[in-house]
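Please look over the sequence and the structure below before reading on. The briefing that follows takes up a few topics in turn.

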Amino acid sequence: MSGRGRWARALASVATVFAVAAGGPGGTDPAGGGGDPLTVRTDKGEVRGALSGPSGHRLFQGIPYAGPPVGEHRWAGPRPAAPWEGVRDASAPGPLCPQVASVYAPVSSEEEDCLVLNVTAPAGGRARGPAPVLVWIHGDGAVGGGSFFDAGRLADRGVLVVTVNYRLGIFGGFAHAGLEEAGSFALRDQQAALRWVRRNAAAFGGDPGRVTLAGSSFGASAITAHLTSPGARGLFHRAVLSSGEGVMDMPAGAMGPEVPGYPWFSWRTERETRDIGTEMTAPLGCARPDPVETVRCLRALPVKRILAVPDIMNAFQVFAHGNATLPELPPDALRAGRFHRVPVLSGATLDEHRIFVGIRYDAVGRVFSSGDYDKALTTAFGGDADTVRAAYPETDFDSPAIAWSTVITDRMWARGTHAQHTLLGRRVPLYAYEFADRDAPMYLPLPGSFDFGAYHAGDTPYVFEDPDAQAHFTPAQVRLADTITDSWSAFARTGTPDAAGAARWPRYRPADPVPHTRSLAPERIGPVDYAREHRLEFWERLAGPGPGL
């Protein structure tokens, strides 16, 4: 899940767009230069965008980067988009990929012709030279879309931003014996979008030689996959991982008392993914002795019927490895140094797991009790439950829910983040951070109350415009948002997050006694001892070195 709080307010966060009334296109020079900066020629045809925001950055929406994955192309690799004649209207968002509304994301779609992207370009085009490019991979993996992310703040800082739709849930992660290259369709869509950027960024005023691939949560895990995927070689030159799950395991009960433990949060073998596919599609009545016939039947089903199967989208919020797109388990590849050597900006939030506990218990009116805490510790840690309880006594926290959230934040999220930073920091420039604003705005439509703290992906509105969040920002939070966006922009531009006028951001060096992690909070920006803050020595004694180490 990424940005689960984000989607609940996404529909209210669409930027105000001021379409420019004009006749036919006057040219394709994004700098103006006597032409029309809102009409751009892509490799498939011309598109006409709109001006957006008070600064007048240029916004192009719903541009196809691949053909419709319909019919026999459902659960097949992305194919080239068809060219078009005339000027395509790019002033409104394209369709969302198929998804089901949830308590945290009241959006839905049944449209498979959804492989589109959006370009937010700085005002003035080439007047300031080719702009660095940032490609945003949204999170969750079962809901969402690129058009929900208003990149005006980044564009105002001279960054050209591309946000991407990709196939979600079963449509992006399905595997079956009757399919080739199964379980990797979402990753292949994202790589197709990156190839589109390489071909077309310059037409919008961007620099195809300075592409930063950024994402949060499921999106960050996708980027961990691309770091190790042969097909992504040369398609991006820097990476931003926000609340990433790529080197993280999952204790039993961490995501709910009925959810078993697993060695990896984000990764499954292709065989495991096939087994998930067989189980989840059984109610659809397509099982045949010949796997090819089973797939043919499934491809003929209406989207609505597939989406009606309970949990069929969430069951595929993982990536399959052991195929051509992802030949090996990414943590293994990172440990062995078999990954693309690019600078990385990576971080997590101080209270990652609070949102997962809150939306299941207290924030929906069901109190997580002392008994629940005892049961959760026993489920997760078995014979070590008393040891963990002694280290995290309920009386040290405001509620049993906060106690349990802290246990899993430290054991699962912080331990995984530390392992990820260690593996990457050994071989590439890595800049680490922790988002620590415990008053970050939360807008989930929930009936109960809960202190979400610096929750999972809660830093996303500090980079992407969100009027709902900004309406509640204090002056200090406005300054923090500016600082974070300045750092991302500097990283996209130079490969380091050293923004003008800010203190130098040291590299994360795993061999240092205290590797540098920058805490980002309204009241303080500066170094934090991440391992001490999250009791990682305790967890290493109890559970061994972090995942992948």
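Which residue just after α15 takes a positive phi? In this predicted model, that residue is Gly495, whose phi is about 90 degrees.

**Helix α15**
- Helix α15 runs over residues 475–494, and because its 20 residues at 1.5 Å a residue should span 28 Å, the 28 Å between its end C-alpha atoms agrees with that expectation.
- Several residues in α15 are buried, among them Leu480, Ile484, Trp488 and Phe491.

**Disulfides**
- The count comes to two disulfides, and they follow the pattern 1-2, 3-4 when bonded cysteines are counted along the chain.
- Cys97 and Cys114 form a disulfide with sulfur atoms 2.1 Å apart, and this link is right-handed, with 90 degrees about the S-S bond.
- Both Cys97 and Cys114 lie in the loop between β6 and β7, so the pair ties together parts that are 17 residues apart in sequence.
- Cys286 and Cys297 form a disulfide with sulfur atoms 2.0 Å apart, and because the torsion about its S-S bond is about -65 degrees, this disulfide is left-handed.
- Cys286 lies in the loop between α6 and α7, whereas Cys297 lies in helix α7, so the pair ties together parts that are eleven residues apart in sequence.
- Cys286 counts as buried at 2% relative accessibility, and Cys297 also counts as buried, at 17%.

**The second largest pocket**
- The second largest pocket holds about 420 Å³ of space, and of the 24 residues that line this pocket, His418, Tyr508, Pro515, Ala531 and Leu536 lie nearest its centre.
- Its lining divides into twelve nonpolar, six polar and six charged residues, with α13, α16 and α17 each supplying at least two residues.

Terms used
Residues numbered from 1 in each chain as written. Predicted model: local features only at pLDDT ≥ 70, side-chain atom pairs only at ≥ 80, totals over all residues. Heavy atoms only, no water. Helix = DSSP H or I, 4+ residues; strand = E, 2+ residues; numbered from the N terminus. Expected span 1.5 Å × (residues − 1). Buried < 20%, exposed > 50% of the residue type's maximum accessible area, 1.4 Å probe, protein only. 1 Å grid on protein atoms, 1.4 Å probe; cavity = no way out; pocket = protein on both sides within 12 Å on 5 of 7 lines; lining within 4 Å. Points joined across faces, edges and corners; volume = space filled by probe spheres on them. Nonpolar A, V, L, I, M, F, W, Y, C, P; charged D, E, K, R; others polar. Disulfide = S-S within 2.5 Å.
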